[in-house]
Amino acid sequence: MRKILITGALGQIGSELVMYMRNIYGNENVIASNITADGSKKVLESGPFEIVNVLNPQQIADAVNKYKVNTIVHLASILSAVGEANPVAAWNLNMGGLFNVLEVAKENGCSVFTPSSIAAFGPSTPKDKTPQDTVQRPSTMYGITKVSGELLCDYYFKRFNVDVRGVRFPGLISYETLPGGGTTDYAVHIYYEAIKNKKYTSYIKEGTYMDMMYMPDALEAIVKLIEADPKRLKHRNAFNVTSMSFEPEEIAREIKKHIPEFVMDYDVDPIRQGIADSWPNSLDDSAAREEWDWNPKYDLAAMTKDMLEKLSVKLGK
Ligand code: AKB
């Protein structure tokens, strides 16, 4: 039976992953942890919760020992835009946290899942249908921590046989918890503003394509890869995964089908635009499809319909 510790459990992915995993593995077998107890009541009240600062290895080890954890899902991380505003904090948290998790996993025989990102690619990477194995020279601190993290995960598997798995997530779109300072966040904010004010000012320029994914597909990807037959995995870490690639005009057009009065204009943020310009337009995720049957369900139209329905209820509109 899996006993799973999730770090960063009150963040955008964590707050949904905890509930998704509790449903599959049982409430008592999924231990949520976070640096503060500030966030989703559902997560805090439906099963075990521990305060864990991933920069404190003893706190990770204590939670692992207390609950006899055998699987760690490590999500605590600083995203791209916040990382550019504070590169030192991004390096310290993203590298220090991952290192501590891998060490605790090695000492306690745990397997690990941790996400990388499309940010692990850079301006010299092929932009369209970016291959699984290609040039990785990112130009952001967040991206540098993601490539370094991919290498560190490979190292712990090859050197210490720690079963570390992961995907390169694109921008994740969800309605439960807001993302915390990424470049792709516009594709979440646009839905909130469409419902609240019927207008949105995009900080990302027209014509900028980035990969995106709806949260239900992301949650399924995590569990599918954790449960995948290791004999089939040639890559193990840092699988390209994607569901859709669009630019701001396309998401606005899709929203207009449901809210005809919706209008969008632009006030481009040079920092986040620069980050977006350094990332791929679209990924080739065939390795994930071949090795563990990755097969997302939501495209832009299906996601937009669901997001608008769910958010209207949440925002009481
Ligand atoms: C970000 O925009 O920083 C994240 C990511 C793509 O990793 N959403």
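These are my notebook entries on a few residues, helices and one pocket that I looked up in a predicted model.

**Entry 1: Asn-240**

I began with Asn-240, which I found in strand 12, a run covering residues 239-240. Is Asn-240 buried or exposed? Its relative accessible area is 0%, and because anything under 20% counts as buried, I noted Asn-240 as buried. I then looked up what the side chain of Asn-240 reaches, and found the backbone oxygen of Pro-131 at 3.3 Å, while the backbone oxygen of Asp-284 lies 3.1 Å from a polar atom of that side chain. Setting aside residues up to four places away in sequence, I listed the residues that Asn-240 touches, among them Phe-121, Thr-130, Gln-132, Arg-168, Leu-283 and Ala-288.

**Entry 2: Ala-238 and the second largest pocket**

I moved to Ala-238, which sits in the loop between helix 8 and strand 12. Its phi is positive, about 60°, although Ala-238 is not a glycine. I wrote this down because most residues other than glycine have a negative phi. Ala-238 counts as buried, with 6% relative accessibility.

Ala-238 also appears in the lining of the second largest pocket, together with residues that include Gln-132, Asp-133, Glu-150, Asp-154, Arg-168, His-235 and Asn-237. I noted that Gln-132 and Arg-168, both in this lining, are also among the residues that Asn-240 touches. The space in this pocket comes to about 180 Å³. Which helix gives the largest share of the lining? I found that helix 6, residues 141-160, supplies 4 residues, the largest share. Sorted by kind, the lining residues divide into 3 nonpolar, 5 polar and 4 charged.

**Entry 3: Helix 8 and helix 7**

For helix 8, residues 215-226, I compared the expected length with the modelled one: at 1.5 Å a residue its 12 residues should span 16 Å, and the end C-alpha atoms are 17 Å apart, so the two agree. How many of the residues of helix 8 are buried? I found 9 of its 12 residues buried, and so wrote the helix down as mostly covered. The buried residues include Met-215, Asp-217, Leu-219, Ile-222, Val-223 and Ile-226.

In helix 7, residues 186-197, I noted several buried residues, including Tyr-186, Val-188, Ile-190, Tyr-191, Tyr-192 and Ile-195. Lys-198 follows helix 7, and its phi is positive, near 60°.

**Entry 4: Lys-68 and His-74**

I looked up Lys-68 for its phi, a positive value near 55° in a residue other than glycine. Lys-68 is placed in the loop between helix 3 (57-67) and strand 4, and with a relative accessible area of 66% it is exposed.

His-74 lies in strand 4 itself, residues 71-74, and is buried, with a relative accessible area of 3%. Which side chain is joined to that of His-74 by a polar contact of 2.8 Å? I found it to be the side chain of Thr-7. Apart from its neighbours within four places in sequence, His-74 is in contact with residues that include Val-54, Gly-97, Leu-98, Val-101, Phe-113 and Pro-115, as well as Thr-7.

**Entry 5: Glu-249**

I placed Glu-249 in helix 9, residues 248-256. At 22% relative accessibility, Glu-249 counts as partly exposed, because the limit for buried is under 20% and exposed begins over 50%. The side chain of Glu-249 makes a polar contact of 2.4 Å with the side chain of Tyr-266. Leaving aside neighbours within four places in sequence, I found Glu-249 in contact with Glu-206, Met-264 and Tyr-266. I also checked Glu-249 against Pro-126, and these two are 123 residues apart in sequence and 23 Å apart in space, C-alpha to C-alpha.

**Entry 6: Tyr-175**

My last entry concerns Tyr-175, in the loop between strand 9 (171-173) and helix 7. Is Tyr-175 buried or exposed? Its relative accessible area of 18% makes it buried. Tyr-175 and Ser-312 are 137 residues apart in sequence, and their C-alpha atoms are 10.0 Å apart in space. Not counting residues up to four places away in sequence, Tyr-175 touches residues including Glu-16, Tyr-214, Asp-306, Lys-310 and Lys-314. Tyr-192, which I had noted as buried in helix 7, is also one of the residues that Tyr-175 touches.

How values were computed:
Residues are numbered from 1 along each chain as its sequence is written. This is a predicted model: local features need pLDDT of at least 70, side-chain atom pairs count only at pLDDT 80 or more; totals for chains, interfaces and linings use all residues. Side-chain values use heavy atoms; hydrogens and water are left out. Helices (H or I, at least four residues) and strands (E, at least two) are DSSP runs, numbered from the N terminus. Buried means under 20% relative accessible area, exposed over 50%, partly exposed in between (1.4 Å probe, protein chains only). A polar contact is a pair of N or O atoms within 3.5 Å; within protein, one must be able to donate a hydrogen and the other to accept it, and residues adjacent in sequence count only if both atoms are side-chain atoms. Contact means heavy atoms within 4.5 Å. The expected span of a helix is 1.5 Å times one less than its number of residues. On a 1 Å grid over the protein atoms alone, a cavity is a set of points where a 1.4 Å probe fits but cannot get out, and a pocket is an open set with protein on both sides within 12 Å along at least five of seven lines; lining residues have an atom within 4 Å of a point. Grid points are joined across faces, edges and corners, and a volume is the space filled by probe spheres set on the points. Ala, Val, Leu, Ile, Met, Phe, Trp, Tyr, Cys and Pro count as nonpolar, Asp, Glu, Lys and Arg as charged, and the others, Gly among them, as polar.
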